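Thanks for coming, everyone. Let me put the sequence and the model up on the screen, and then we'll walk through a pocket, a helix pair and a couple of single residues.

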Amino acid sequence: MYVAGRSVPVTKDFARQVAFISQQLGCSGLHCASILYSVVAENPTTSPVQAVEQSIMAYHRTRREIVECLRYMFEAAES
């Protein structure tokens with residue numbers, strides 16, 4: 001599997017975590033794999049449960065940042 005342009009070995013646990021995150025967030029498995037991979041790469045000693053929780057938080061944090069950027073763009077366009 002390729003995540004962020006890199007070949008990543010996929011274990012059964014990683015695939016199970018990706019499937020769970022994808023189901024919970026309603027987005028593609030590839031996107032969820034990318035998020036999970038970055039979380040685990042930052043802290044390889046993270047437990048599987050913490051990795052899933054941190055991945056979901058990272059997803060929502062990114063969405064919030066995108067919404068904030070859009071809000072700033074709309075405000076700038078109005079003025």
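Fifteen minutes of coffee can wait; which residues lie nearest the centre of the largest pocket? They are Thr-11, Asp-13, Phe-14, Gln-17 and Val-40, out of 15 residues that line the largest pocket. Before I go on, this is a predicted model, where local features need pLDDT of at least 70 and side-chain atom pairs count only at pLDDT 80 or more, while totals for chains, interfaces and linings use all residues. Residues are numbered from 1 along each chain as its sequence is written, and side-chain values use heavy atoms, with hydrogens and water left out.

What do I mean by a pocket? On a 1 Å grid over the protein atoms alone, a pocket is an open set of points where a 1.4 Å probe fits, with protein on both sides within 12 Å along at least five of seven lines, and lining residues have an atom within 4 Å of a point. The volume of the largest one is about 260 Å³, counted as the space filled by probe spheres set on the points, which are joined across faces, edges and corners.

Three helices, α1 (12-25), α2 (29-42) and α3 (48-78), each supply at least two residues of that lining; helices here are DSSP runs of H or I, at least four residues, and strands are runs of E, at least two, numbered from the N terminus. The lining has 9 nonpolar, 5 polar and 1 charged residues. In this scheme Ala, Val, Leu, Ile, Met, Phe, Trp, Tyr, Cys and Pro are nonpolar, Asp, Glu, Lys and Arg are charged, and the others, Gly among them, are polar.

Now to the helix pair. The axes of α2 and α3 come within 9 Å and cross at roughly 115°; axes are lines fitted to C-alpha atoms over the stretch in contact, with angles from 0 to 180 degrees between N-to-C directions. On the α2 side, the contact (heavy atoms within 4.5 Å) is made by His-31, Ile-35, Leu-36, Val-39 and Val-40, and α3 brings Ala-51, Gln-54, Ser-55, Ala-58 and Tyr-59. By class, that is 7 nonpolar, 3 polar and no charged residues.

Also in α3 is Ile-56. Is Ile-56 buried, exposed or partly exposed? Partly exposed, because its relative accessibility is 22%, and the class runs between buried (under 20%) and exposed (over 50%), with a 1.4 Å probe and protein chains only. Leaving out residues up to four places away in sequence, Ile-56 touches Ile-21 and Leu-25.
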